[in-house]
Amino acid sequence: MSGNPYQDDRGNKDRSIANPRGSGTAEGARRKGKAVAAPGGPFLIGDSMTGGYGKGPNILHDCTIAVDQGEIAVIVGPNGAGKSTAMKAVFGMLDVRQGHVRLDGEDITTLSPQDRVSKGMGFVPQTSNIFTSMTVQENLEMGAFIRTDDFSDTMAQVYDLFPILKDKRNQPAGELSGGQRQQVAVGRALMTRPKVLMLDEPTAGVSPIVMDELFDRIIEVARTGIPILMVEQNARQALEIADKGYVLVQGRNAFSGTGKDLLADPEVRKSFLGG
Ligand SMILES: Nc1ncnc2c1ncn2[C@@H]1O[C@H](COP(=O)(O)OP(=O)(O)OP(=O)(O)O)[C@@H](O)[C@H]1O
Ligand SMILES: [Mg+2]
């Protein structure tokens, strides 16, 4: 795929951005283990989702992922486990045959991705998440394209968060390093002032140092009050910063709990964290 810095593109062509209106609240019905349907449940939940691509077989089987206000929730699991599929299901890019997606208590299962964006969902997909031939600044502007108000403050905030992007604002995004491109992708999503941010492998293909840096920035974003639901292949490091974690295997919830619980669970350690 020319101009695409990412390999292994499985057809995720999301270009969406958000334009949230105000910010939501969620009554914190916190539970151990699997989150279940309830009014006033988690701020964003894909609840007991079963579904697959097009008319294909089910990839997700009764799969639940959720994030609450003030939280970082992390999804881990082996390659092909359905992590990206679960994220796409929550974002409306999959045929969810059973189960529901709720945002701030509202059932949004049948909404298009575009409509979810205007409800306040920001999504950074695993692949093709920037416009490589556009400059960094143009990428951020694209992120704001459905905003009708002045977004210069938001852009200044993104540049504060990722100063390197300000230095490189006039460079084509495709010329940036992997870590910097991920910053562009996250920055683009932030331009919409989302109420919740979904990140699919934000540290894919970067060095450990850059990974640490990206995690620090993600924590910073979370501290500004944006709950974050993210997939991570760096399971141990991600669970260390996770309020809530999910281990998916073959499209099902295998384990869930606090990041701390999962890190301490002997079975999770043995099977998914290298002992
Ligand atoms: N666009 C698609 N159409 C059909 N099947 C797909 C599509 N994308 C993924 N799949 C299949 O769905 C299953 C789960 O894939 P998915 O990409 O969700 O896994 P993942 O956990 O994100 O893996 P990775 O760690 O490699 O990113 C795999 O069997 C994959 O082949
Ligand atoms: Mg994936």
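In this chain, residues 24 or more positions apart make up 70% of the contacts that have a separation of 6 or more. That is a good thing to keep in mind as you look around this predicted model. The secondary structure adds up to ten helices and ten strands, and 48% of the 275 residues are buried.

**The sheet**

Let's begin with the strands. Six of them form an open sheet in the order β6-β7-β8-β3-β9-β10, and the pairing is mixed. At the edges stand β6 (121–124) and β10 (252–257); each has a single partner strand, so one side of each has no neighbour in the sheet. From one strand to the next, the twist averages 15 degrees.

You can see what "mixed" pairing looks like by picking out two pairs of strands. Strand β3 (residues 72–76) and strand β8 (residues 228–231) run parallel and are joined by four bridges. Within this pair, Ile75 has Val231 of β8 as its bridge partner. Strands β9 and β10, on the other hand, run antiparallel, with five bridges between them. Here Gly245 finds its bridge partner in Gly257 of β10. The hairpin of β9 and β10 has two residues between the strands.

**Helices on the sheet**

Which strands does helix α1 touch? Helix α1 (residues 83–91) packs on the sheet and touches β3, β6, β7, β8 and β9 (244–249), with its direction at about 150 degrees to that of β7. Helix α6 (residues 178–190) packs on the sheet as well, touching β6 and β7, and its direction makes about 165 degrees with that of β6.

Now take a closer look at α1. Nine of its nine residues are buried, so the helix is largely enclosed by the rest of the structure. The buried residues of α1 include Lys83, Lys88 and Phe91, along with Ala86.

**The core**

Ala86 leads us to the largest nonpolar core, which has 72 residues. Ala86, Met198 and Ile228 are the residues with the most contacts inside that core. What does Ala86 touch, leaving aside residues up to four places away in sequence? Its contacts are Gly46, Met49, Leu60, Cys63, Ile65, Ile75 and Leu248. Ile75 is the residue we met in the sheet, as the bridge partner of Val231.

**Positive phi angles**

Most residues other than glycine have a negative phi. With that in mind, have a look at these positive values, listed with their places in the chain.

| Residue | Phi | Place |
|---|---|---|
| Asp62 | about 55 degrees | strand β2 (residues 60–67) |
| Glu201 | near 55 degrees | loop between β7 (196–200) and α7 (208–223) |
| Gln250 | near 50 degrees | hairpin of β9 and β10 |
| Gly92 | near 90 degrees | following α1 |

Asp62 and Glu201 are worth a second look. Is Glu201 buried or exposed? Glu201 is buried, because 22 other C-beta atoms lie within 10 Å, and the cut-off for that label is 20 or more. Asp62 counts as partly exposed because it has 15 C-beta neighbours inside 10 Å.

Terms used. Residues are numbered from 1 along each chain as its sequence is written. Chains are lettered from A and ligands numbered from 1 in the order in which they are written. This is a predicted model: local features need pLDDT of at least 70, side-chain atom pairs count only at pLDDT 80 or more; totals for chains, interfaces and linings use all residues. A residue is buried if 20 or more other C-beta atoms lie within 10 Å of its own, exposed if 12 or fewer, and partly exposed in between; C-beta atoms are placed from the backbone. Two residues are in contact if their C-beta atoms, placed from the backbone, lie within 7 Å. A nonpolar core is a set of buried Ala, Val, Leu, Ile, Met, Phe, Trp, Tyr and Cys residues joined through C-beta atoms within 7 Å. Two strands pair if DSSP finds at least two bridges between them. Axes are lines fitted to C-alpha atoms, for helices over the stretch in contact, and angles run from 0 to 180 degrees between N-to-C directions.
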